[in-house]
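Welcome! Take a moment to look over the chain below, and then we will walk through its empty spaces and its charged pairs together.

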Amino acid sequence: MWVKDGIVYSSERGIGVVVLDVGNEKWGATPEKPELVATSATKSGNTREVYPYFSAKTGKTYLCLGDEVMNRRGRAPASSITQRGGVPQVAAGYTHIIDFTDPKNPKNVARYENPEFGSHDIVVENDIPYQAYCDGGMRIVDVSGELRGNLQKQGREIAVVKPYDPEGFTTNAPYTMNVMPYEGQVLFTDFNSGLSTITLKPKERPVP
């Protein structure tokens, strides 16, 4: 759940995202008397994460909704994460990008989808989502400009970090849970390897 400008954005699994006014002047509600603004469902019925984001470049408000399906058929059960050295856990799902400029008319405009992995936490800064992507590691994506289709197939990935750790709770098995950009660094936590931090640097162009 996130609260921004007196509006609560809450991920509610099968319902999708629920948006409440708890103090925004537009709808006149208060924390004592909240008002329902809108709901927006996803096809998966497994909405685990929501992050509201205003793009200064487009003037639009977006919601990034993260699916989290805890298991994929024929793969490791969720209970395996309680056993040191057990079978690596896997997840499924993807990130939905909703144009929420008009809360009464939300539009699902794009997605970031890699069928091998599942979404977890998301934070967006300066048109860049930083995503904890379960067994897919930590993923950073460009969401500037026009958004439509699957961004994963459009060359928009800025960086992918999979924290393989031979001494991890489960050996060499990324399962990234949280992510946060902070003063030029990106911090992320992984179930099997703990807390990591990286610095993003521009790609060096090869000398012709």
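## Spaces and charged pairs

β5 (47-55) and β6 (60-67) each supply at least two residues of the lining of the largest cavity. Keep those two strands in mind as you read on. One caution before we continue: this is a predicted model.

**The chain as a whole**

Let us step back for a moment. The chain has 16 strands and zero helices. Of its 208 residues, 45% count as buried. Among contacts between residues at least 6 apart in sequence, 47% join residues at least 24 apart. The chain exposes about 11,300 Å², and carbon and sulfur atoms supply 51% of that area.

**Empty space inside**

Rolling a probe the size of a water molecule over the atoms shows where empty space is left. How many cavities of 30 Å³ or more does the structure hold? There are three. About 70 Å³ of space lies in the largest cavity. Its lining includes Tyr53, Ser55, Thr58, Tyr62 and Cys64, and also Ile97, Val124 and Asp127. Further along the sequence, Val143, Ser144, Gly145 and Leu147 belong to this lining too. By class, the lining of the largest cavity divides into seven nonpolar residues, four polar ones and one charged one.

**An open pocket**

Now for the largest pocket, which has about 280 Å³ of space. It is lined by 16 residues, and the closest to its centre are Asp5, Ile7, Tyr9, Asn24 and Thr61. Two elements, β2 (7-11) and β5, give two or more residues to this lining. Which element gives the most? It is β5, with three residues. Sorted by class, the pocket lining has ten nonpolar, three polar and three charged residues.

**Pairs of opposite charge**

Side chains of opposite charge can pair when their charged atoms come close. In this structure the count comes to seven salt bridges. Here are three of them, each with the distance between the closest N and O atoms.

| Pair | N to O distance |
|---|---|
| Lys57 and Asp127 | 3.9 Å |
| Asp99 and Lys60 | 3.8 Å |
| Arg148 and Glu146 | 3.8 Å |

Look at the pair of Lys57 and Asp127, which forms a salt bridge. Lys57 sits in the loop between β5 and β6, while Asp127 sits in the loop between β9 (122-125) and β10 (128-132), so the pair ties together parts that are 70 residues apart in sequence. Is each partner buried or exposed? Lys57 counts as exposed because its relative accessibility is 70%, whereas Asp127, at 4%, counts as buried. You have already met Asp127, since this residue also helps to line the largest cavity.

Asp99 and Lys60 also meet in a salt bridge. Asp99 lies in strand β7 (residues 95-99) and Lys60 in strand β6, so this pair ties together parts that are 39 residues apart in sequence. Asp99 is buried, with a relative accessible area of 11%, and Lys60 is partly exposed, at 34%.

For the pair of Arg148 and Glu146, both residues are exposed. Finally, Arg48, Glu49 and Asp121 are linked in a network of salt bridges.

Technical notes: Residues are numbered from 1 along each chain as its sequence is written. This is a predicted model: local features need pLDDT of at least 70, side-chain atom pairs count only at pLDDT 80 or more; totals for chains, interfaces and linings use all residues. Side-chain values use heavy atoms; hydrogens and water are left out. On a 1 Å grid over the protein atoms alone, a cavity is a set of points where a 1.4 Å probe fits but cannot get out, and a pocket is an open set with protein on both sides within 12 Å along at least five of seven lines; lining residues have an atom within 4 Å of a point. Grid points are joined across faces, edges and corners, and a volume is the space filled by probe spheres set on the points. Helices (H or I, at least four residues) and strands (E, at least two) are DSSP runs, numbered from the N terminus. Ala, Val, Leu, Ile, Met, Phe, Trp, Tyr, Cys and Pro count as nonpolar, Asp, Glu, Lys and Arg as charged, and the others, Gly among them, as polar. Buried means under 20% relative accessible area, exposed over 50%, partly exposed in between (1.4 Å probe, protein chains only). Contact means heavy atoms within 4.5 Å. Accessible areas come from the Shrake-Rupley method with a 1.4 Å probe; for residues, only the protein chains shown count as cover. A salt bridge is a side-chain nitrogen of Lys or Arg within 4 Å of a carboxyl oxygen of Asp or Glu.
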